[in-house]
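User: Please take a close look at one part of this model and explain how it sits among the rest. Plain terms, please, with the cut-offs spelled out.

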Amino acid sequence: MFLKFLYMSKTIQNAEQKQHAIVSAAEALFLQQGYGVISMDQIAKKAGVTKQTVYRYFASKNELFAAVMQRVQKAESEAYCFGSGTIDEELSGFASYLLSFHLQEQALGLYRIMLTEAAQEKLLTTFKNQGPQHVLK
């Protein structure tokens with residue numbers, strides 16, 4: 001029984017490592033070269049997995065882009081906490097927090113992708129759902 005648990009734990013760990021490798025590869029390629037020119041084959045090669053493995057974790061390139069956006073959002077370790085300062089101090093602190101997130105290299109890269117690929121309705125919808133709409137929720 002313990003060996004079965006150990007095996008399942010190792011399997012889950014391997015799956016998480018593969019998924020992490022795929023998202024990391026996609027992030028690097030998307031930010032370096034853009035969304036439109038990158039293929040799932042290129043992502044698979046950079047991640048060190050097969051194309052079939054990429055599709056096992058992500059049904060489409062659009063879904064993979066959503067995972068990249070989630071990863072960038074999670075890179076910001078802590079949410080801003082309002083304190084007991086004056087309204088001016090709190091708003092200034094919050095504005096600084098927002099700017100520091102939106103001016104990080106990965107976030108700027110995602111904005112660049114959206115500027116060049118905005119004609120793609122599916123990608124634009126993904127961006128809105130993972131970005132502005134997610135924040136509003």
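Analyst:
**Helix α4 and its surroundings**

Of the 137 residues in the chain, 30% count as buried; buried means a relative accessible area under 20%, exposed means over 50%, and partly exposed is what lies in between, using a 1.4 Å probe and protein chains only. The model is predicted, so local features need pLDDT of at least 70 and side-chain atom pairs need 80 or more, while totals for chains, interfaces and linings use all residues. Residues are numbered from 1 along each chain as its sequence is written, and side-chain values use heavy atoms, with hydrogens and water left out.

First, the setting. The chain has eight helices and zero strands, and its order from the N terminus is α-α-α-α-α-α-α-α. Helices (H or I, at least four residues) and strands (E, at least two) are DSSP runs, numbered from the N terminus. The accessible surface of the chain is about 9,300 Å², and 58% of this belongs to carbon and sulfur atoms; such areas come from the Shrake-Rupley method with a 1.4 Å probe, and for residues only the protein chains shown count as cover. Of the contacts between residues at least 6 apart in sequence, 59% join residues at least 24 apart, where contact means heavy atoms within 4.5 Å.

Now the part itself. Helix α4 covers residues 61-74. Its 14 residues should span 20 Å at 1.5 Å a residue, and the end C-alpha atoms are 20 Å apart, which agrees; the expected span is 1.5 Å times one less than the number of residues. The buried residues of α4 are Lys61, Asn62, Leu64, Phe65, Ala66, Ala67, Val68, Met69 and Val72.

Three of these names, Lys61, Asn62 and Phe65, lead to Tyr35. The charged end of lysine 61 sits over the ring of tyrosine 35, 4.3 Å from the ring centre. The test for this is that NZ of Lys or CZ of Arg is within 6 Å of the ring centre and within 35 degrees of the ring normal. Asparagine 62 is in contact with Tyr35, Lys122, Leu123 and Thr126, leaving aside neighbours within four places in sequence. At 17% relative accessible area, asparagine 62 falls under the cut-off and is therefore buried. Phe65 belongs to one aromatic cluster with Phe30 and Tyr35.

Two of the contacts of asparagine 62, Leu123 and Thr126, point to another helix. In helix α7 (residues 121-130), Leu123, Thr126, Phe127 and Gln130 are buried. Seen down the axis of α7, these buried residues fall within an arc of 100°, so they line one face of the helix; the arc is that of the directions from the helix axis to the C-beta atoms. An α-helix has 3.6 residues a turn, so residues three or four places apart point the same way.

Back to the rings. The structure holds five aromatic pairs. One of them joins phenylalanine 30 and tyrosine 35, which are 5.3 Å apart centre to centre with 45° between the planes, a tilted pair. Rings of Phe, Tyr and Trp (its six-membered ring) pair if their centres lie within 6.5 Å, and planes under 30 degrees apart count as stacked, over 60 as edge-to-face and the rest as tilted. Phenylalanine 30 has a relative accessibility of 1% and so counts as buried. Tyrosine 35 is buried as well, at 5%. A stacked pair is formed by phenylalanine 94 and tyrosine 97, because their ring centres are 6.3 Å apart and their planes are at 25°. Both residues lie in helix α5 (residues 87-102), three residues apart, about one turn of the helix. Phenylalanine 94, at 29% relative accessibility, counts as partly exposed.

Further along α4 is valine 68. Valine 68 is buried, with a relative accessible area of 1%. Leaving aside neighbours within four places in sequence, valine 68 is in contact with Val23, Ala26, Glu27, Phe30 and Leu110. Leucine 110 is 42 residues away along the chain, yet the two C-alpha atoms are separated by 9.1 Å.

Phe30 thus turns up twice: in the cluster with Tyr35 and Phe65, and among the contacts of valine 68.
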